Amino acid sequence: MGKVPIGRALLSVSDKTGLADLGSKLAKAGVELVSTGGTARALREAGLDVLDVSDLTAFPEMMDGRVKTLHPVVHGGILAVRDNPEHAEALDTHEIGGIDLVVVNLYPFEETVARGADRDTIIENIDIGGPSMVRSAAKNHAFVTIVTDPSDYDALYEELAQNDGATTLEFRRRMAAKAFAATAAYDSMISQWFAFSDQGERFPARAAMSRTLAGTLRYGENPHQNAALYLPAGPHAAGLPQAEQVQGKELSYNNYNDANAALELVAEFRGGSPAIVIVKHANPCGVAQASTLLDAWQKALECDSVSAFGGIVAANVPLDGPTAEAICEIFTEVVVAPGADDAALAAFARKKNLRLLLTDGLPDPRRAGQTMAIIAGGILVQDRDNGAITESDLKVVTRRPPTEQELKDCLFAWTVARHVKSNAIVYARDGVTAGIGAGQMNRRDSSRIAAMKAAEAAEKYGWDQPRTVGSAVASDAFFPFADGLLAAAEAGATAVIQPGGSIRDEEVVAAADEAGLAMVFTGMRHFRH
């Protein structure tokens with residue numbers, strides 16, 4: 001079970017990348033080539049001698065190619081334990097030749113689904129013979145080499161060159177591990193398609209998920225934690241992993257997490273006026289929408305300039321030079337945008353460590369999907385929080401209805417609040433966050449913290465009064481008591497948007513009426529943990 005010479009190879013691939021070169025190098029090394037269908041045809045077109053599987057089995061391919069390698073001569077030649085006398089005798093008795101190398105990649109099921117093929121076509125692209133050969137060869141890796149990825153052909157060439165046409169057990173074990181991962185991922189994609197697309201299940205009895213390693217990261221949330229970035233198999237939204245990193249250091253685990261929070265929030269404004277989102281520790285600390293991107297940046301920064309230091313900045317439109325210059329005036333970890341002009345690129349280039357990510361558009365904030373959280377002993381799965389409300393969904397519950405401007409401010413604040421860790425309170429006025437209170441154990445403290453930040457901003461910038469005066473305040477969940485609402489009124493808010501649904505709604509509405517506030521209920525909660 002040490003080095004095993006390669007005398008016969010079975011090649012059957014859907015992805016024919018590098019196939020001709022592989023066949024040529026194996027043939028020059030004296031390896032007999034056995035192949036099937038289109039793979040055999042491609043090898044012959046490259047001028048190589050190939051033995052058809054049907055010649056090996058003395059049985060023709062049939063049923064539109066559905067049955068060609070599912071035969072004892074093929075699987076016996078792969079699965080035989082070479083140093084087992086009974087297996088050796090069976091090979092001799094049935095005149096089965098051993099197969100030393102199996103090169104197989106599978107029907108393009110994922111690609112077929114992604115291009116929107118009909119059900120019959122999708123079913124026809126479920127590979128049967130391929131996974132069977134892969135699993136047989138991987139199981140018998142003590143004697144057989146399995147290669148499933150064209151990117152490993154060079155490693156195979158190097159292995160054969162260094163070992164006089166043989167492979168080592170270490171190499172075969174590594175390739176076997178990769179092969180079983182490939183078939184597991186393949187079966188996972190098929191099971192997901194059947195469960196979610198074909199059967200319309202939301203939570204199937206068995207949920208098989210597949211992911212592909214995009215790369216390892218320097219560390220996790222903290223230096224003592226290892227971390228990596230994986231990509232989901234099958235159709236998925238484009239985001240940071242698909243973005244172009246124009247410059248800067250490698251992204252860390254925290255960079256990805258925070259930048260994703262910024263991207264998800266700024267996507268709420270896609271197709272709208274220029275918007276800037278500033279995020280720190282996955283919470284927005286300033287959000288603004290304005291007629292120009294530079295104005296939006298300045299107003300977002302003014303909300304909480306202390307927290308913005310070392311933060312993440314996201315824009316909903318391509319970055320321009322003046323905005324980039326302004327962003328570079330403070331220490332910024334990551335900037336994310338759907339583009340940047342030459343002046344912006346030049347400005348950022350002077351900040352070598354700043355990570356600039358350019359995305360191909362923005363993700364759909366209302367897209368379907370699921371999120372997962374790992375807990376001790378289990379995995380929590382839920383639908384994405386893609387619920388949305390419009391002005392027509394709002395229910396006015398106070399004597400005074402909100403003005404047109406207050407409604408706009410309410411909806412803006414509500415859009416931001418859904419992206420703030422609970423308990424979340426957001427004050428906003430004229431398309432700008434005035435104060436954000438995040439992650440507190442009670443809603444009153446979140447209200448007070450947001451108001452305090454607004455007061456600090458007014459003092460720093462020399463305003464006559466905080467921007468909370470005349471603002472709308474959004475709460476991600478209902479006010480269980482009037483104290484949180486009254487704290488908002490003390491800060492100068494004139495309108496409130498909240499889900500409603502508390503057993504004390506009447507008490508809270510009465511307090512709002514007494515304070516002269518306008519309040520609307522959304523009927524939808526947005527907890528975020």
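His 224 sits in the loop that links strand E8 (211-217) to strand E9 (227-232). In this predicted model, the residue has a relative accessible area of 68%, and since anything over 50% is called exposed, His 224 falls in that class. Pair it with Ile 123, which is 101 residues away along the chain, and the two C-alpha atoms turn out to be 46 Å apart.

A second histidine, His 281, also belongs to a loop, here the one between strand E11 (275-280) and strand E12 (283-289). Its phi is near 50°, a positive value even though the residue is not a glycine. As a rule, most residues other than glycine have a negative phi, and most peptide bonds are trans. With a relative accessibility of 64%, His 281 counts as exposed.

Asp 430 goes against that rule too, with a positive phi of about 55° in a residue that is not a glycine. Its place is the loop between E19 and strand E20 (432-437). Asp 430 has a relative accessible area of 47% and is therefore put down as partly exposed. On the other side of E19 comes the peptide-bond oddity: going from Ser 422 to Asn 423 the bond is cis, and omega is near -5°. Asn 423 is part of the loop between helix H16 (404-417) and E19.

E19 (425-429) turns up again in the packing around helix H18, as one of the elements that cover the buried residues of that helix. H18 spans residues 482-490, and its buried members are Ala 482, Gly 484, Leu 485, Ala 487 and Ala 488. Besides E19, the cover includes helices H17 (443-461) and H19 (505-515), along with strands E21 (472-475), E22 (495-498) and E23 (518-521). After H18 comes Gly 492, with a positive phi near 105°.

Now for the nonpolar interior. In soluble globular proteins, nonpolar side chains tend to be buried together. The largest nonpolar core here takes in 55 residues, and Leu 11, Leu 26, Val 102 and Ile 146 have the most contacts inside it. The top contributor is helix H10 (residues 169-198), which supplies 8 residues to this core. Apart from it there is another core, made up of 41 residues, including Leu 240, Ile 312, Trp 414 and Ile 497. As for Leu 11, leaving out residues up to four places away in sequence, its contacts include Leu 19, Leu 22, Leu 26, Leu 33, Val 34, Leu 43 and Val 103. Ser 35, Thr 36 and Thr 39 also touch Leu 11.

Zooming out, the secondary structure of the chain adds up to 19 helices and 23 strands. The radius of gyration is 31 Å, against the value near 24 Å that a compact globule of 529 residues would have. Along the principal axes, the C-alpha atoms fill a box of roughly 95 × 50 × 40 Å. Buried residues make up 48% of the 529 in the chain. Of the contacts with a separation of 6 or more, 56% join residues 24 or more positions apart.

The surface comes last. About 25400 Å² of the chain is exposed, with carbon and sulfur atoms supplying 51% of that area. The chain carries 49 positive and 68 negative charges, and the mean positions of the two sets are 3 Å apart.

Conventions: Residues numbered from 1 in each chain as written. Predicted model: local features only at pLDDT ≥ 70, side-chain atom pairs only at ≥ 80, totals over all residues. Heavy atoms only, no water. Core = buried A, V, L, I, M, F, W, Y, C linked by side-chain atoms within 4.5 Å. Buried < 20%, exposed > 50% of the residue type's maximum accessible area, 1.4 Å probe, protein only. Helix = DSSP H or I, 4+ residues; strand = E, 2+ residues; numbered from the N terminus. Contact = heavy atoms within 4.5 Å. Rg over C-alpha atoms; globule rule 2.2 N^0.38 Å. Areas by Shrake-Rupley, 256 points an atom, 1.4 Å probe, with all protein chains shown as cover. Lys, Arg positive; Asp, Glu negative; His and termini not counted. Charge placed at Lys NZ, Arg CZ, Asp CG, Glu CD.
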